[in-house]
Amino acid sequence: MNKLIATLIAGLFATGAYAQTTVNATASAEVVKAEAKAEKDVAKAEAKEMKKAAKVDEKVNKAVADATEKKAKAHSKLVEQHSEAAEKVAKADPEDRAKAVAKAEEKVADANLKAEKKMIKADEKLLKAQVDAAADKAQAAAKTEQVRAEAAADVHKAAAKH
């Protein structure tokens with residue numbers, strides 16, 4: 001009796017394994033066609049995403065270079081104004097020196113403020129470009145994921161028909 005039960009159970013498992021392999025082996029032409037189309041669509045979406053990312057990275061690199069250039073110009077102008085103020089103080093008569101120092105300090109303070117404003121504006125513009133770039137990349141990735149999901153759904157629809 002035990003041998004009979006063991007044989008029946010083994011036969012059941014063998015039949016189940018055979019049925020699975022035959023179903024998987026006989027994939028319909030529609031499923032294969034749907035899978036090929038899905039792969040093509042996903043590849044196209046990924047290429048678009050990579051192209052968008054490269055374009056966005058280029059914009060960010062340009063913004064970084066722009067910000068660096070503006071900050072360097074602001075700093076050089078600041079140094080120039082500081083040296084002009086120091087030169088005026090050095091040229092001033094001894095009795096007018098206190099007045100010249102006060103005027104130079106005021107000029108230096110104004111120059112510092114202008115330079116800081118320019119540098120802050122450059123940083124602000126750079127940060128905006130970086131945030132926009134991240135948003136663009138995220139949108140491109142989301143579109144790619146949508147294409148992947150639609151492609152998987154199409155393959156499942158084709159498989160469900162058979």
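**Exercise 1. Which residues line the second largest pocket, and what kinds of residue are they?**

Solution. The model is a predicted one, and the steps below read its computed values.

Step 1: The lining of the second largest pocket consists of Asp 41, Lys 44, Ala 45, Lys 48, Glu 49, Lys 52, Asp 136, Gln 139, Ala 140, Lys 143, Thr 144 and Val 147. Two or more of these lining residues come from helix 2, and two or more from helix 3.

Step 2: Sorted by kind, the lining of the second largest pocket holds seven charged, three nonpolar and two polar residues.

Step 3: The volume of the second largest pocket is about 230 Å³.

**Exercise 2. Describe the largest pocket by its volume, its central residues and the kinds of residue in its lining.**

Solution. Step 1: The space in the largest pocket comes to about 270 Å³. Its lining is made of 14 residues, and those closest to the centre of the pocket are Lys 59, Lys 62, Ala 63, Lys 125 and Ala 129.

Step 2: At least two lining residues of the largest pocket are supplied by helix 2, which spans 29–91, and at least two by helix 3, which spans 97–160.

Step 3: Seven of the residues lining the largest pocket are nonpolar and seven are charged, while no polar residue takes part.

**Exercise 3. Determine how many helices and strands the chain has, and how helix 2 and helix 3 are oriented to each other.**

Solution. Step 1: The chain contains three helices and zero strands, so that the order of elements from the N terminus on reads α-α-α.

Step 2: The axes of helix 2 and helix 3 lie 9 Å apart, and the angle at which these helices pack is about 180 degrees.

Step 3: Angles over 145 degrees count as roughly antiparallel, and helix 2 and helix 3 are therefore roughly antiparallel to each other.

Step 4: The contact of helix 2 with helix 3 involves 34 nonpolar, 21 charged and six polar residues.

**Exercise 4. Find the residues of the largest nonpolar core and say which helix gives the most to this core.**

Solution. Step 1: In soluble globular proteins, nonpolar side chains tend to be buried together. In this model, buried residues make up 19% of the 162 residues in the chain.

Step 2: The largest nonpolar core has seven residues, namely Val 31, Ala 34, Ala 38, Val 42, Ala 151, Val 155 and Ala 158. Helix 2 and helix 3 each contribute at least two residues to this core, and helix 2 gives the most, with four residues.

**Exercise 5. Classify Asp 123, Glu 124 and Asp 136 as buried, partly exposed or exposed, and give for each a residue that is distant in sequence together with the C-alpha separation.**

Solution. Step 1: A residue is buried under 20% relative accessible area and exposed over 50%, and is partly exposed in between.

Step 2: Asp 123, found in helix 3, counts as partly exposed because its relative accessibility is 29%. Asp 123 and Lys 71 are 52 residues apart in sequence, and their C-alpha atoms are 8.7 Å apart.

Step 3: Glu 124, which also belongs to helix 3, counts as exposed because its relative accessibility is 52%. Between Glu 124 and Ala 67, which are 57 residues apart in sequence, the C-alpha to C-alpha distance is 9.1 Å.

Step 4: Asp 136, again in helix 3, has a relative accessible area of 25% and is therefore partly exposed. Asp 136 is 87 residues from Glu 49 along the chain, and 9.6 Å separate their C-alpha atoms.

Conventions. Residues numbered from 1 in each chain as written. Predicted model: local features only at pLDDT ≥ 70, side-chain atom pairs only at ≥ 80, totals over all residues. Heavy atoms only, no water. 1 Å grid on protein atoms, 1.4 Å probe; cavity = no way out; pocket = protein on both sides within 12 Å on 5 of 7 lines; lining within 4 Å. Points joined across faces, edges and corners; volume = space filled by probe spheres on them. Nonpolar A, V, L, I, M, F, W, Y, C, P; charged D, E, K, R; others polar. Axes fitted to C-alpha atoms, helices over the stretch in contact; angles between N-to-C directions. Parallel < 35°, antiparallel > 145°, perpendicular 65-115°, else oblique. Core = buried A, V, L, I, M, F, W, Y, C linked by side-chain atoms within 4.5 Å. Buried < 20%, exposed > 50% of the residue type's maximum accessible area, 1.4 Å probe, protein only.
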